[in-house]
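User: I'm a first-year student and I keep tripping over the labels people use for structures. Could we go through one together?

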Amino acid sequence: MTDPASPVEKPLFGNPWIFIRGVPSMQFLPPEGPFEVAFAGRSNVGKSSLINALVGQKGLARTSNTPGRTQELNYFVPDGYSGEGADLPPMALVDMPGYGYAQAPKAQVDTWTKLVFDYLRGRATLKRVYVLIDSRHGLKTNDDEVLSLLDKAAVSYQIVLTKTDKIKAGAVPHLVADTLEKIRKRPAAFPDVIATSSEKNAGLDDLRNAILTTIGR
Ligand code: GTP
Ligand code: MG
């Protein structure tokens, strides 16, 4: 029999998640505590959609056809850890503004880019960054800049291919191999690439397992 007084480890995925905070600039970050796992990538690559697919809640993170939808660092945690006297959540998922969106006003793009870069290089509790790459486009120059920043800051990251439903199924293994080859010499890159489709729910268990391993669950 289990001791009712002992803490029960709730499964993270499969239970509801909630939005707790939108961070427009570094001074509004929550105090460092739970491990954070962040989703970075070019505008419109599918960061918010992937978070929704991971937790199985379509409307949790706001998504849009138009690039530049997510404008703050949005924090999501498993439900049941808010309120006075509550335990700290075991982890947070952080949805980030995209980079590389040239159509928005320059001042706004500069603000988002600074926030993304400052957060990525300066957050002690940031355990892993998933850098999302659109399967149709592959690694672009601005992705390489972000990977170099993460290498320099020694922040562990893993590449996740998105929207694999938009390319031929036979092309996916080639793209994975090609992407792996491109990051082979990058010191902070996890030497595996996860191929996903939020639309078709592909690769999600691989990503969930990767996250759980990262945070030591
Ligand atoms: P920003 O917040 O603007 O940086 O974008 P984002 O990276 O959060 O992208 P978002 O999740 O808002 O998705 C952008 C568009 O891509 C939306 O129209 C989504 O429906 C679409 N999309 C996301 N994931 C997939 C996918 O796996 N397959 C397909 N076909 N479309 C997808
Ligand atoms: Mg978004």
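Analyst: Sure, let's start with the pocket: ligand 1 sits in the largest pocket. This is a predicted model, where local features need pLDDT of at least 70 and side-chain atom pairs count only at pLDDT 80 or more, while totals for chains, interfaces and linings use all residues. Residues are numbered from 1 along each chain as its sequence is written, chains are lettered from A and ligands numbered from 1 in the order in which they are written, and side-chain values use heavy atoms, with hydrogens and water left out.

User: What makes something a pocket, and what does "sits in" mean?

Analyst: On a 1 Å grid over the protein atoms alone, a pocket is an open set of points with protein on both sides within 12 Å along at least five of seven lines. A molecule sits in a pocket if more than half of its atoms lie within 2 Å of its grid points. Ligand 1 is said to sit in the largest pocket because it meets that rule.

User: Which residues are closest to ligand 1?

Analyst: Lys47, Ser49, Gly68, Thr70 and Asp165 are the closest of the 21 residues that surround ligand 1. To be near, a residue needs a heavy atom within 4 Å of the molecule. By type, this shell has 2 nonpolar, 13 polar and 6 charged residues. Here Ala, Val, Leu, Ile, Met, Phe, Trp, Tyr, Cys and Pro count as nonpolar, Asp, Glu, Lys and Arg as charged, and the others, Gly among them, as polar.

User: Why is the pair between Asp165 and ligand 1 called a polar contact?

Analyst: A polar contact is a pair of N or O atoms within 3.5 Å. A side-chain N or O atom of Asp165 is 2.8 Å from a nitrogen atom of ligand 1, so the pair passes. Asn65 offers a polar side-chain atom 2.9 Å from a ligand oxygen, and Gly46 has a backbone N or O atom 2.9 Å from an oxygen atom of ligand 1. Taken alone, ligand 1 exposes 650 Å², and the protein buries 90% of that; such areas come from the Shrake-Rupley method with a 1.4 Å probe.

User: Why is Lys163 called buried, or Lys182 exposed?

Analyst: Buried means under 20% relative accessible area, exposed over 50%, and partly exposed in between (1.4 Å probe, protein chains only). Lys163 has 19%, so it is buried. Lys182 has 53%, so it is exposed. Lys163 is in the loop between β6 (157-162) and α4, while Lys182 belongs to helix α4 (residues 172-183). Those names come from DSSP runs, numbered from the N terminus: helices are H or I with at least four residues, strands E with at least two.

User: What makes Asn44 partly exposed?

Analyst: Its 31% relative accessibility falls in the in-between range, so Asn44 counts as partly exposed. Asn44 lies in the loop between β2 (35-41) and α1. Its phi is positive, near 75°, though Asn44 is not a glycine.

User: How do you know that helix α1 is mostly covered?

Analyst: Count its residues: 8 of the 9 in α1 (residues 47-55) are buried. Among them are Lys47, Leu50 and Val55. After α1 comes Gly56, with a positive phi near 70°.

Definitions and conventions:
A polar contact is a pair of N or O atoms within 3.5 Å; within protein, one must be able to donate a hydrogen and the other to accept it, and residues adjacent in sequence count only if both atoms are side-chain atoms. On a 1 Å grid over the protein atoms alone, a cavity is a set of points where a 1.4 Å probe fits but cannot get out, and a pocket is an open set with protein on both sides within 12 Å along at least five of seven lines; lining residues have an atom within 4 Å of a point.
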